[in-house]
Amino acid sequence: MDAGLLILRLLVGLLVAGHGVQKISTHLGGKGLDGGAREFRADGFRGGALTALAAGGGQIGSGVLLATGLLTPLAATGAIGVMTVALTVKWPNGLWVQDDGYEYPLVLIGAAAALAATGPGAWSLDGALGLTPYPLWWTALVLAAGLGSGLLTRLVLHRTPHEPRPPGTRNP
């Protein structure tokens with residue numbers, strides 16, 4: 001079981017962190033902080049560079065914590081939060097990724113929730129520090145906080161349909 005949890009943590013954590021790196025730099029195919037800001041503005045979000053920096057930093061931090069198995073409930077909450085925002089952006093396109101749908105963020109939300117439910121396993125920093133096992137009821141808190149923070153972020157930072165878009169951004 002520990003080997004399986006290690007593989008899941010590394011895969012999910014590094015993908016989430018890599019997604020964050022793309023938002024704020026030119027590494028891993030990213031378009032730099034300016035490109036990340038343009039992407040958020042094009043998707044209807046306020047804040048530009050600050051929004052991209054917050055999202056990228058949240059993804060990098062939660063991804064690294066998940067990959068290493070450190071503070072797993074906090075890491076899962078962060079990953080669920082940022083991926084919930086991504087899911088809301090992709091929602092109008094339907095489920096499947098070939099239609100730019102929300103399939104990918106949904107899988108990452110589910111994997112992070114599964115790690116919150118199972119814990120990171122013995123081959124983790126949580127295990128090495130004696131922080132495990134986490135009680136199962138933490139999973140409900142992780143899901144509520146992650147989904148809630150993502151939806152609140154969408155509510156606060158997303159422009160209303162009648163709010164003007166900055167010049168050079170596309171309509172949805």
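**View 1. Glu39 and Lys23 form a salt bridge in this predicted model.** The closest N and O atoms of Glu39 and Lys23 are 3.6 Å apart. Glu39 belongs to helix 2 (residues 32-42) and Lys23 to helix 1 (residues 2-24), so this pair links distant parts of the chain, 16 residues apart. Are the two partners buried or exposed? Glu39 is partly exposed, with a relative accessible area of 38%, whereas Lys23 is buried, with a relative accessible area of 8%. A search of the whole structure finds two salt bridges, and the next view turns to another pair.

**View 2. Lys90 and Asp100 make a salt bridge.** Here the closest N and O atoms are 2.6 Å apart. What does this pair tie together? Lys90 sits in helix 4 (residues 72-90), while Asp100 sits in the loop between helix 4 and helix 5 (103-118), so the salt bridge joins parts that are ten residues apart in sequence. Lys90 counts as partly exposed, at 24% relative accessibility. Asp100 also counts as partly exposed, at 40%. While you are looking at Asp100, notice its backbone: phi is near 60°, a positive value in a residue other than glycine.

**View 3. The largest pocket has a volume of about 690 Å³.** Of the 33 residues that line this pocket, the closest to its centre are His19, Lys23, Glu39, Gln59 and Ala86. Two of these names may be familiar from View 1, where Glu39 and Lys23 form their salt bridge. Which elements give two or more residues to the lining? They are helix 1, helix 2, helix 3 (49-68), helix 4, helix 5 and helix 7 (137-157). Helix 4 gives the most, with seven residues. By type, the lining residues divide into 13 nonpolar, 14 polar and six charged.

**View 4. Helix 1 has the span expected from its 23 residues.** At 1.5 Å a residue, helix 1 should span 33 Å, and its end C-alpha atoms are 33 Å apart, which agrees. The buried residues of helix 1 are Leu5, Arg9, Val12, Gly13, Val16, Ala17, Gly18, Gly20 and Lys23. A general point helps in reading such a list: an α-helix has 3.6 residues a turn, so residues three or four places apart point the same way. And where do the buried residues of helix 1 pack? They pack against helix 2, helix 3 and helix 5.

**View 5. Helix 2 packs its buried residues against helix 1 and helix 3.** These buried residues are Gly32, Gly35, Gly36, Ala37, Phe40 and Ala42. Follow the chain onward and you meet Gly44 just after helix 2, with a positive phi of about 95°.

**View 6. Leu28 lies in the loop between helix 1 and helix 2.** Its phi is positive, about 60°, although Leu28 is not a glycine. Leu28 counts as exposed, at 58% relative accessibility.

**View 7. Thr72 is a buried residue of helix 4.** The relative accessibility of Thr72 is 2%. Which residues does Thr72 touch, leaving aside its neighbours within four places in sequence? Thr72 is in contact with Leu115, Pro120, Asp126 and Tyr134. Of these, Leu115 belongs to a stretch you have already met, since helix 5 covers residues 103-118.

**View 8. A cis peptide bond runs from Thr132 to Pro133.** The omega angle of this bond is near 0°. Pro133 is placed in the loop between helix 6 (125-128) and helix 7.

**View 9. Thr153 sits in helix 7.** Is Thr153 buried or exposed? It falls in between: at 31% relative accessibility, Thr153 counts as partly exposed. Not counting residues up to four places away in sequence, Thr153 touches Val85 and His158. For a sense of scale, Thr153 and Leu108 are 45 residues apart in sequence and 18 Å apart in space, C-alpha to C-alpha.

How values were computed. Residues are numbered from 1 along each chain as its sequence is written. This is a predicted model: local features need pLDDT of at least 70, side-chain atom pairs count only at pLDDT 80 or more; totals for chains, interfaces and linings use all residues. Side-chain values use heavy atoms; hydrogens and water are left out. A salt bridge is a side-chain nitrogen of Lys or Arg within 4 Å of a carboxyl oxygen of Asp or Glu. Helices (H or I, at least four residues) and strands (E, at least two) are DSSP runs, numbered from the N terminus. Buried means under 20% relative accessible area, exposed over 50%, partly exposed in between (1.4 Å probe, protein chains only). On a 1 Å grid over the protein atoms alone, a cavity is a set of points where a 1.4 Å probe fits but cannot get out, and a pocket is an open set with protein on both sides within 12 Å along at least five of seven lines; lining residues have an atom within 4 Å of a point. Grid points are joined across faces, edges and corners, and a volume is the space filled by probe spheres set on the points. Ala, Val, Leu, Ile, Met, Phe, Trp, Tyr, Cys and Pro count as nonpolar, Asp, Glu, Lys and Arg as charged, and the others, Gly among them, as polar. The expected span of a helix is 1.5 Å times one less than its number of residues. Contact means heavy atoms within 4.5 Å.
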